[in-house]
Amino acid sequence: MHLTALILTLGLLWPVGPPLPEILRGWQPPPGPYAAGHRGVDLAAPPETLVVAPVAGTVTFAGPVGGRGVLTLTLPHSGAPPLRTTFSPVTPLVRTGTRVAAGTPVARVAPGTHCPESCLHWGLLRGDRYLNPLLLTPRAPSRLLPVGG
């Protein structure tokens with residue numbers, strides 16, 4: 001299934017908010033697997049902000065990585081390999097193996113040093129390829145305007 005069609009089918013939510021969070025830093029894909037880049041987006045969120053599952057899935061990791069709390073949610077029926085969305089720095093509220101519905105609280109934003117101000121780093125992967133997690137957000141439909149006036 002094409003990624004755009006899949007996303008429309010899944011009907012994903014924002015992981016924090018309402019209101020819609022401010023994007024502090026956008027996705028900047030690296031030119032290679034080990035090159036510099038920003039492999040996700042940073043959403044403004046004070047410590048203790050509730051993080052919800054943007055879509056139904058299975059928690060496939062919930063624990064520390066490099067001194068930061070990380071939670072990974074694997075999206076079923078999203079192709080092979082399946083899409084995975086990640087959140088850090090967080091304090092997980094659910095354990096690895098837990099199946100969750102969209103909107104289920106899965107973590108709280110933890111204080112961290114990823115952003116100059118408190119944030120939630122949100123990532124999206126298919127296998128080892130990073131994707132822009134903003135592709136998962138709901139958007140208003142495009143409208144064509146008449147040519148001329």
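Two strands count as paired here if DSSP finds at least two bridges between them. Keep that in mind while we walk through this predicted model.

Start with the overall layout. The protein chain has one helix and 11 strands, and reading from the N terminus, the helix comes ahead of the run of strands: α-β-β-β-β-β-β-β-β-β-β-β. Of the 149 residues in the protein chain, 38% are buried. Take the contacts with a separation of 6 or more, and 59% of them join residues 24 or more positions apart. On the outside, the protein chain exposes about 8600 Å², with carbon and sulfur atoms supplying 60% of that area.

Now for the sheet. Three strands line up in the order β3-β9-β7 to make an open sheet with antiparallel pairing. Because β3 and β7 stand at the edges with a single partner strand each, one side of each is left without a neighbour in the sheet. From one strand to the next, the twist averages 35°.

Look at the two pairings in turn. Strand β3 (residues 50–52) runs antiparallel to β9 (residues 105–109), and three bridges hold the pairing on record. Along that seam, L50 has R108 as its bridge partner in β9, while V51 stands opposite A107. Across the way, strand β7 (residues 90–92) also pairs with β9 in the antiparallel sense, over three bridges. There, P92 is the residue opposite A107. So A107 is a handy landmark, as it faces V51 and also P92.Next, the aromatics. The structure holds two aromatic pairs. W14 and W122 form a tilted one, with 6.2 Å centre to centre and 55° between the planes. This pair links distant parts of the chain: W14 lies in the loop between α1 (3–10) and β1 (23–25), W122 lies in strand β10 (residues 119–126), and 108 residues separate them. The other pair, F87 with W122, is stacked, at 6.5 Å centre to centre and 15° between the planes. It too links distant parts of the chain, with F87 in strand β6 (residues 83–88) and W122 in strand β10, 35 residues apart. Put together, the ring pairs link W14, F87 and W122 into a cluster.

Are these rings buried or exposed? W14 and W122 are both buried. F87 counts as buried because its relative accessibility is 0%, and W122 likewise has a relative accessible area of 0%.

One last ring deserves a look. The charged end of R39 sits over the ring of Y130, 5.7 Å from the centre of that ring.

Methods:
Residues numbered from 1 in each chain as written. Predicted model: local features only at pLDDT ≥ 70, side-chain atom pairs only at ≥ 80, totals over all residues. Heavy atoms only, no water. Helix = DSSP H or I, 4+ residues; strand = E, 2+ residues; numbered from the N terminus. Buried < 20%, exposed > 50% of the residue type's maximum accessible area, 1.4 Å probe, protein only. Contact = heavy atoms within 4.5 Å. Areas by Shrake-Rupley, 256 points an atom, 1.4 Å probe, with all protein chains shown as cover. Axes fitted to C-alpha atoms, helices over the stretch in contact; angles between N-to-C directions. Phe/Tyr/Trp six-rings, centres within 6.5 Å; stacked < 30°, edge-to-face > 60°. Lys NZ or Arg CZ within 6 Å of the ring centre and 35° of its normal.
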